[in-house]
Amino acid sequence: MQAAINYPLDWLEERSGLIGGVRYFLFRKVPGDINWMQTLGSATLTAFLVQAITGVILAMYYKPDPASAYSSIVNITDHVTLGWLVRGMHRWGASVFIILMFLHMGRVFLFGAYKYPRELNWIVGVLLLVMGMMEGFTGYLLPFDQTAYWATVVGINLNGTAPFLGPFLAQVLRSGGEISGDTLSRFYSIHMLLIPGGIMALIGLHLYLVVRLGVTSPPWSKEAAGMEPVETNGHRPGVRVGLTRPVQRGANGGGEA
Ligand code: HEM
């Protein structure tokens, strides 16, 4: 039985190194005093994956043209098997995704995890936040009912008031001078191809940086603040190590007197 499981895994590992990569990602060391709040990033990732899966299912039934968009939504809700559930998960999940992103960002801010050397990951996070909100904005038009139409009018007019670029931006978003079928196609394409692709690429970069830089200890961590005396190889115990003189966690060396 074990051999039957190991054979394909070994085959893949020998040719790609993928299994080792996944093992490295899952079993890497993190500080011993991390906190539940540090799961908010993974919760955001889960919410994004739910959006991606339910979005693919919705796209199988949705029709992005003004004459049939609304009726295709009604069809999904009333006739497609479990369509109401998938649509409800996608609609409510959008808010969950945005709320989790803000909570995760708040955690990163309160823990000071945006500071050196994680500034770049904060910048990637800001791009993810902007793209997440653009995803919400473009998705809102898709049912093409009165609420969707007028909310989009307000959103585009708001963008139109931006200095210098505003009118150009409004024109690009509308795909012309008026909201029309072209606007719907444009929003659909941005909503299901451009932004999800960008978000996936940025999440990849975000996670690469998390693994490369390691996870921050909470601000109350005595060890990370250098307040916990750490015994070092042959040197006097009680010396302050931590942010300024990092020691290898779990090991008895690395610092100096
Ligand atoms: C699609 C949205 C996002 C996903 C899926 C995501 C995912 C993650 C994950 C899984 C982690 C590691 C675990 C954790 O600290 O919770 C993380 C860390 C981090 N995230 Fe995000 N994140 C997102 C958005 C953001 C935003 C909006 C910001 C800030 C503007 C941000 C900044 C950071 C930083 C600086 C870290 C490193 C924290 C540390 O080392 O303690 N992320 N993110």
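Helices (H or I, at least four residues) and strands (E, at least two) are DSSP runs, numbered from the N terminus. The model is predicted: local features need pLDDT of at least 70, side-chain atom pairs count only at pLDDT 80 or more, and totals for chains, interfaces and linings use all residues. Residues are numbered from 1 along each chain as its sequence is written, and side-chain values use heavy atoms, with hydrogens and water left out.

**Exercise 1.** State how many helices and strands the chain has, and give their order.

*Solution.* The chain has nine helices and zero strands. Read from the N terminus, the order is α-α-α-α-α-α-α-α-α.

**Exercise 2.** Determine what share of the residues in the chain is buried (under 20% relative accessible area, 1.4 Å probe, protein chains only).

*Solution.* The chain has 257 residues, and buried residues make up 31% of them.

**Exercise 3.** Describe the largest pocket and its lining; a pocket is an open set of points on a 1 Å grid over the protein atoms alone, where a 1.4 Å probe fits, with protein on both sides within 12 Å along at least five of seven lines, and lining residues have an atom within 4 Å of a point.

*Solution.* Begin with the volume, the space filled by probe spheres set on the points: about 1,200 Å³ for the largest pocket. Next, the lining has 44 residues, of which Glu 135, Gly 136, Thr 138, Gly 139 and His 191 are the closest to the centre. Helices that each supply at least two lining residues include α3 (40–59), α5 (83–110) and α9 (181–213). The largest share, 11 residues, comes from α6.

Technical notes: Buried < 20%, exposed > 50% of the residue type's maximum accessible area, 1.4 Å probe, protein only.
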